[in-house]
Amino acid sequence: KGEEASFSYDLYALLIHRGSATGGHYFAYIKNSKDGKWYCFDDSHVSAISDADVKKMMEHPDVAEAREKAEEAKRKAHEEETRKAMAAATTTNNTADTEEGGESAIPPPPGTGISLPPPPGAKLPAPPLSTAKTTKTTKKEELAKGKDAEKKSGERKKYKRPFAHPSANAYMVMYQRRDKGGDQIDNDKGSSDLKAFLEEHKLGEFEAAFSKAGVTMDILKKTKKDGGDDAAADDEFWKSLSAKCGLKPGHLSKLKYAVEKLSSSENEGGEEIEEALRKEIEQENAKWHEKFKEWKRQQEMIEANVFFGGDYVRISMHKSKTVEAAVKNAISQHLELNKDEDMKRMLQDVKLSNIRLREYDGLKKRGTRPIQPMSFTLEKAEVKKHQALFLEVKKDGEEFEEYIPDQMQLALMTYDKKTDKITGPSFVEVDEKGARGSQLRNNVAKLWKMKSSRIVLMCQDPITGPKIIEDTVGLEFLKIRDGSQVFAEVCDEGTTHTDCAKPALLEKFERDKYILVVAFNDPRDNDKKPPKKKLEQGGGASTPGAAAAAAAVPPPPLAGGPGGLVPPPPGAGGLPPPPVATAGEGTAMLGAHAPHEYQTHNIEFDTRKTLGEFREALAKQLGLDKEAFKIRKMRYGPELKETKKTLNLYNFAPPCAIWLDMGAPLKSGEYILKLHGDLGERTKNEKKKKDGGGDGKDAKERKLEAKALERFAFLSDIKLQGGMSMLQVKQEIGKIWKPDAGGPPSAQYMRVRELKGEKLGILFVDDKTLKKNKPGLQDFEAIVVQRTAVPEVTTSNTLLLNVYQWYPDLGKLGDPVEMAFGKHWKLPKLQETLAKLGGGTIPAEEVKVVKPMKWQLKDETQIPLLKWNMRKLNKNSKIGSAPWRARSGDNILFKDGRIPEKIEKQPDILPTGISQPGPEPGGIKILSLEEIEERERRIEEAEKKYREDAEKKKAEGTAPDGPPPPPSMPPPAV
């Protein structure tokens, strides 16, 4: 205010955020105070921009739309004018000689690529003749072309707000204040404050003249710098300045000296700043060069894992080191770290000429290219970073395997007709691309040193099954890839593979397709300790744990043979010898499945046979009676009892193991179920006691008490037939369940339910069999038996509802009772049943019924406000129909309609004259101490009167024993 109102401000910077609150980009527009130009600073990119760009950034969307529309209209008008002029000029030139005046240039307007109309009298060249045929166009086609042209020309539709303007960005605007004379105010002494500069050099008397002439410090400094060595320009400037401001020669000389001194001091300061920055930059550059040098050195280092005998070490060497140095480094580390003493001794005694480095393919699990010769550097030998290598060792007099690139290795399995077993694998290599069956047959013949005509080759397709490999068929067509298995059989003497229409190997495949190896236990040893000896599967294969450990990190081969393994020599009769590892009989093996320690027996069985035949085979091998043991797929799983069902239908597939237990097996249709008894709902205090708390007891005591308070107590296992009626089921349950000393209740007082954890499931109704009540019934499922208060017969239309009795005189709710009702019961029958439940003291016609929501039962103060009047109900209303549409699990509330409700009047909280709203939803009511005492006094009086009336009626014999009185204490008030 006052003095500051006369100041003006210059915009000198804009900080702009383009994007949204969740993300975006920052850039800045800054004005150079030296040359007055604007620059855009966008990360590391700096570019000059015009004043118009800055204005557009701050332009209002409405102004931008109006400006762009005006520019568009101007452009269209110019195009139309040019088109008319061109048409007129073309008409004129068609009648005149085009060569007289020559071609006239039409300069384009600024900012457009469109030619201007020619000046008057200018002649234009005639348009070139067209060789295309002219066709007449109809008016409709012309209109259609006009519409297409409008679409292609990009007719402006609705104005789209540009991305870079204030309403699309967040920005900060920075201004610089000017003084009354128009000069910028700056804190730098003697640079931007003109008044201070003149007073400092004793020229303050000329301040008014300088301000009147519009001379500022920027003009003085700029003129001096721009003049440079041009003396004429300097003299002209100073003469003009002297004339405008009335400077005398002495004053002019003093002013020139001050300006020169100011410029030199600013230059010296700039040099000092630049020198400081230069030193800082040099230091940062030196650090960066050190890091780059270290990074470059790391890039030249080669790290590799070198395997030997199942273990590996990591070497790290410069790429200029030789292969020999890498081998020595790997050997020294293996001698120090390798845990296998045999491998250590092998490396200690080996000559350097008998060892070489090879690449190892972990996916193919075999060796590939050898790293040689030893004199090559690692870079020249093309050893890559993080490459897997292994040391290959040979004996004196042997030769290393010749490596042939682009080869794939196949696992060769051999079939012996005499023993009817498949053994292997050995390994054979063929070309990776373009290999045919003939090449594979010839390579197998070389491996076995026999004629190729006697060898039958086959492969296994997982979908179509076994196939014979013909000489002309490509291996790629048969989906034989690197690492695939192929099977070989040697024909008899004097025959060839073409004479075998159906080889014995193919017949074995067809037989073994359904053969399954099943591991099982001896049920007589279940109570004994498990054997210490580990299970050996498949005729001598290693244990599953050892096999899995070996498969986890497969060791590279040591020496010789295809892929580094020594090929087996031919055996007697031209057959290959027994393999290193036996795969077992048949094609279905236990694989990596680890059976239980007790499951030490194996049996081969055809899965197309029935469970009864399988039971007989097991009994024969164990020396037991077939009815003396039970069969389960898992130790605690359901029993297999459908003897006419095949193993395929039981989903027997490799790997497979079963569990046997001693005891009479179940017959088809029999089930073992877990029977529980329902002890009823626990009270709130009992539940709190069950959960434990601060009662001073230890965890063990609380656990025993909690177990005693479980609602569902396990009784025993019960054997039932799936075709039993529920009456028969209840009779069988009655043999076990005896809740009272007088014996089990009758079937009409028993209800059977499914038990899922601690929740009740489906109801087993009386008009269906056990299996039809639950078609998916399985062994060891839990059922629970409940004792009902009244006799009941359940059907498919039975509903189980929770019934509560409301005592209006006490304002208390009784405990729930689960009862069975018919879905089609009408209101009178329902009232009659509830009257009996109430002890017979309530007439059926006085029973009031309501179906509340579950949340409405939580606040007893709101129960009197429920819709007890039953307006929508009549004598023909059904439980399962409108308006109730009850479902199992719903709640039913009934009361004696003769007893009036005791509803406390709510205090008026609204001003007089405004109607009181309806009852508020239930919640916590805050009572004072006086109100709590008054409420407890009324409850005690009501309870005392209720007991006196009950004793009086009982003594007179006018009414039977009613239900027990409700709880004496209401919920605690807050």
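# Exercises on a predicted protein model

In the protein chain of this predicted model, residues 24 or more positions apart account for 67% of the contacts that have a separation of 6 or more. The chain holds 21 helices and 30 strands, and buried residues make up 33% of its 974 residues.

## Exercise 1: A nonpolar core and its sources

Find how many residues the largest nonpolar core has, and determine which elements give two or more residues to this core.

*Solution.* Begin with the core itself, which has 24 residues, and in which Val-306 and Leu-391 are the residues with the most contacts. Next, look for the elements that give two or more residues to this core: they are the strands S6 (301-308), S7 (311-318), S8 (355-361) and S10 (387-393), together with the helices H10 (323-337) and H11 (341-349). Then ask which element gives the largest share, and you will find that H10 does so, with five residues. Finally, note that another core, of 22 residues, lies apart from this one, and that Ala-435, Cys-459, Ile-469 and Ala-488 are among its members.

## Exercise 2: A five-stranded sheet and two helices

Work out the order of the strands in the open sheet of five strands, name its edge strands, and describe how H10 and H11 lie across strands.

*Solution.* Recall that strands of a sheet pair through backbone hydrogen bonds, either parallel or antiparallel. The order of this open sheet is S7-S6-S10-S8-S9, and its pairing is mixed. The edge strands are S7 and S9 (366-371), each of which pairs on one side only. If direction is ignored, neighbouring strands of this sheet are turned by 40° against each other on average.

Now take one pair in detail: S6 and S7 are antiparallel and are joined over eight bridges, and Phe-307 has Tyr-312 in S7 as its bridge partner. As a last step, turn to the helices. H10 lies across S6, S7, S8, S9 and S10, and runs at about 140° to S7, while H11 lies across S6, S8 and S10, and runs at about 115° to S6.

## Exercise 3: Checking the length of a helix

Check whether the distance between the end C-alpha atoms of helix H12 agrees with its expected span, and then list which of its residues are buried.

*Solution.* Helix H12 covers residues 437-448, which is 12 residues. The expected span is 1.5 Å times one less than the number of residues, so for H12 it comes to 16 Å. The end C-alpha atoms of H12 are 17 Å apart, which agrees with that expectation.

For the second part, count a residue as buried when its relative accessible area is under 20%. Nine of the 12 residues of H12 are buried, so that the helix is mostly covered. The buried residues are Gly-437, Gln-439, Leu-440, Arg-441, Asn-443, Val-444, Ala-445, Leu-447 and Trp-448, and they pack against the strands S11 (407-416), S12 (421-431), S13 (455-461) and S15 (485-490). Just after the helix comes Lys-449, whose phi is positive, near 60°.

## Exercise 4: A three-stranded sheet

Establish the order of the open sheet of three strands, and find which helix packs on it.

*Solution.* The order is S17-S16-S19, with mixed pairing, and the edge strands, each pairing on one side only, are S17 (601-606) and S19 (656-657). Strand S16 (residues 515-520) runs antiparallel to S17, and six bridges join them; here Val-518 stands opposite Ile-603 in S17. The helix that packs on the sheet is H15 (residues 611-622), which touches S16 and S17, and whose direction makes about 145° with that of S17.

## Exercise 5: The pairings of one strand

Decide whether strand S26 is mostly covered or mostly open, and describe its pairings with S28, S30 and S27.

*Solution.* Strand S26 (residues 798-807) is mostly covered, with nine of its 10 residues buried. With S28 (residues 817-822), S26 pairs in the antiparallel sense over six bridges, and Thr-798 stands opposite Gly-822. With S30 (residues 891-896), S26 runs parallel and is joined by five bridges, and Tyr-804 stands opposite Leu-893. With S27 (residues 812-813), the pairing is antiparallel over two bridges, and Trp-806 stands opposite Leu-813. To finish, consider how S26 and S27 are connected: they form a hairpin with four residues between them, and Gly-811 in the turn has a positive phi of about 65°.

Notes:
Residues numbered from 1 in each chain as written. Predicted model: local features only at pLDDT ≥ 70, side-chain atom pairs only at ≥ 80, totals over all residues. Heavy atoms only, no water. Buried < 20%, exposed > 50% of the residue type's maximum accessible area, 1.4 Å probe, protein only. Contact = heavy atoms within 4.5 Å. Core = buried A, V, L, I, M, F, W, Y, C linked by side-chain atoms within 4.5 Å. Pairing = 2+ DSSP bridges. Axes fitted to C-alpha atoms, helices over the stretch in contact; angles between N-to-C directions.
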